[in-house]
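User: I have a chain on the screen and want to go through it step by step. Please keep the answers short.

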Amino acid sequence: MIPRLHEQTHRPHDPLEEALGRPVSPNEGLTEHTIIAHWPGLDYFTLDDEQRIWTSVQWAEHLEDPYLEHPFAASPDDDRRAILHLDVRLHPDDRELTGPEWAEVAQRLARAAGIEIPGKEHGCRWIAVQAQPGRLDLIANLIHLDGAWHALPADNLRRLAQEARRIEQDLHLVPVRSDPPSRPAVRAALTASAQLATILTQLADEQAGPLAAVRGLVEHTSHRIARQPGAASADTAHRLELIARRLYAIQQDLDATANRLVQPRAVPAPDAVRHNAHRSP
């Protein structure tokens with residue numbers, strides 16, 4: 001499970017479209033099977049609402065409302081880009097998660113990212129979208145209900161990565177990286193294998209690696225093409241999405257290969273031990 005933080009934006013429409021894999025629509029209602037988790041204050045908005053299912057456009061407007069309510073809210077750097085978007089993707093070999101499991105993942109990542117603070121009454125609005133296989137998106141507006149700007153943790157990526165590792169263990173998912181067991185008695189120098197492993201790890205890096213950048217461009221192009229009318233556009237977008245998945249699988253393979261390169265090789269047993277192991281009783 002790899003968390004990825006996107007560049008903050010002014011409007012939630014593009015992140016929501018990316019999470020859904022299709023344009024937002026005033027006619028498409030999103031049920032609890034798609035919006036699997038949200039900020040607790042949303043219950044006050046829907047308490048007396050006869051329309052229990054909101055369209056994707058309404059969800060986008062709900063996330064955008066703090067801009068209208070607090071037109072002068074900005075970060076300490078005078079930045080008005082308040083829409084935070086992060087996503088996580090499962091390993092291609094992972095099992096399918098259930099709805100409650102996805103909801104648990106969303107809540108845990110929201111707390112790790114600092115956008116959900118238990119007990120805080122005037123926090124920021126956020127929703128969790130599970131609309132594509134093996135993928136979860138969290139979208140938040142960093143303007144609080146009282147107009148204050150929500151300060152994110154300085155080590156946000158590290159916190160998200162650590163929580164992702166704990167989620168993998170708790171839900172028995174395929175880990176991103178299986179580190180070799182620690183052997184204090186063995187302190188190998190930086191061998192040629194270790195140097196090659198470092199290169200492979202850099203290639204597979206999800207945050208700054210070249211393959212991650214290529215995959216991001218392919219995904220972005222896929223979403224842009226999907227908005228164009230016509231069956232040919234939909235087919236091309238689907239093909240690009242499959243290419244992006246293959247790139248992700250390549251990243252995983254490179255990472256696993258790097259780990260195998262640095263794992264200590266088993267020491268062959270002495271001849272006497274091998275002979276005794278095959279001796280008949």
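Analyst: One definition to start: buried means under 20% relative accessible area, exposed means over 50%, and partly exposed lies in between. With a relative accessible area of 21%, Glu28 is therefore partly exposed. Keep in mind that this is a predicted model.

User: How many helices and strands does the chain have?

Analyst: The chain has 281 residues, and 42% of them count as buried. Among contacts with a separation of 6 or more, 75% are between residues 24 or more positions apart. The secondary structure comes to nine helices and seven strands.

User: Which residue partners Glu28 in a salt bridge?

Analyst: Side chains of opposite charge can pair when their charged atoms come close. For Glu28 the N to O distance is 2.5 Å. The partner is partly exposed, because Arg22 has a relative accessible area of 32%. The residue asked for is Arg22.

User: How many residues apart in sequence are the parts tied together by Glu64 and Arg11?

Analyst: The side chains of Glu64 and Arg11 form a salt bridge, 3.3 Å from N to O. Glu64 sits in helix 3 (residues 56-69) and Arg11 in the loop between strand 1 (2-5) and helix 1 (13-20). Both partners are partly exposed, since Glu64 is at 21% relative accessibility and Arg11 has a relative accessible area of 45%. The parts tied together are 53 residues apart in sequence.

User: Are Asp137 and Arg135 buried or exposed?

Analyst: Their side chains meet in a salt bridge of 2.8 Å, N to O. Under 20% relative accessible area means buried. Asp137 is at 1% relative accessibility, and Arg135 has a relative accessible area of 3%. So Asp137 is buried, and Arg135 is buried.

User: Which residues are joined with that pair into one network?

Analyst: The chain has 19 salt bridges by the rule used. Some of these share partners, and Arg135 and Asp137 belong to one such network. The other members are Arg4, Glu18, Asp87 and Arg89.

User: What span should helix 4 have, and what is the distance between its end C-alpha atoms?

Analyst: Helix 4 covers residues 99-113, which is 15 residues. At 1.5 Å a residue, the helix should span 21 Å. That agrees with the model, because the end C-alpha atoms are 21 Å apart.

User: What covers the buried residues of helix 4?

Analyst: The buried residues of helix 4 include Trp102, Val105, Leu109 and Ala113. Two charged-type names, Glu101 and Arg108, are also on the buried list. The cover includes strand 3 (35-38), strand 5 (83-89), strand 6 (126-132), strand 7 (135-141) and helix 5 (156-170).

User: Which backbone oxygen does the side chain of Arg95 reach?

Analyst: Arg95 lies in the loop between strand 5 and helix 4. Its relative accessible area is 36%, so Arg95 is partly exposed. The Arg95 side chain also makes a polar contact of 2.9 Å with the side chain of Glu101. At 3.0 Å, the Arg95 side chain reaches the backbone oxygen of Leu171.

User: How far apart in space are Arg95 and His172?

Analyst: Arg95 touches Leu90, Glu101, Leu171 and Leu173, leaving out residues up to four places away in sequence. Arg95 and His172 are 77 residues apart in sequence. From C-alpha to C-alpha, the distance is 9.3 Å.

User: Which element gives the most to the largest nonpolar core?

Analyst: The largest core has 50 residues, and those with the most contacts inside it are Leu16, Ile115, Leu136 and Leu138. Elements that give two or more residues include helix 1, strand 5 and helix 5. Seven residues come from the element that gives the most, helix 4.

User: Which residues does Ile115 contact, leaving aside neighbours within four places in sequence?

Analyst: Ile115 is one of the residues with the most contacts inside the largest core. Its partners are Leu84, Ala110, Cys124, Trp126, Leu138, Ala140, Leu142, His150 and Leu152.

User: What kind of aromatic pair do Trp54 and Trp59 form?

Analyst: A search of the whole structure finds one aromatic pair. The ring centres of Trp54 and Trp59 are 4.8 Å apart, and the planes are at 50°. Trp54 counts as buried at 10% relative accessibility, and Trp59 counts as buried at 7%. Given the angle of 50°, the pair is tilted.

Conventions: Residues numbered from 1 in each chain as written. Predicted model: local features only at pLDDT ≥ 70, side-chain atom pairs only at ≥ 80, totals over all residues. Heavy atoms only, no water. Helix = DSSP H or I, 4+ residues; strand = E, 2+ residues; numbered from the N terminus. Expected span 1.5 Å × (residues − 1). Buried < 20%, exposed > 50% of the residue type's maximum accessible area, 1.4 Å probe, protein only. Contact = heavy atoms within 4.5 Å. Polar contact = N/O pair within 3.5 Å; in protein donor to acceptor, adjacent residues only side chain to side chain. Phe/Tyr/Trp six-rings, centres within 6.5 Å; stacked < 30°, edge-to-face > 60°. Salt bridge = Lys/Arg side-chain N within 4 Å of Asp/Glu carboxyl O. Core = buried A, V, L, I, M, F, W, Y, C linked by side-chain atoms within 4.5 Å.
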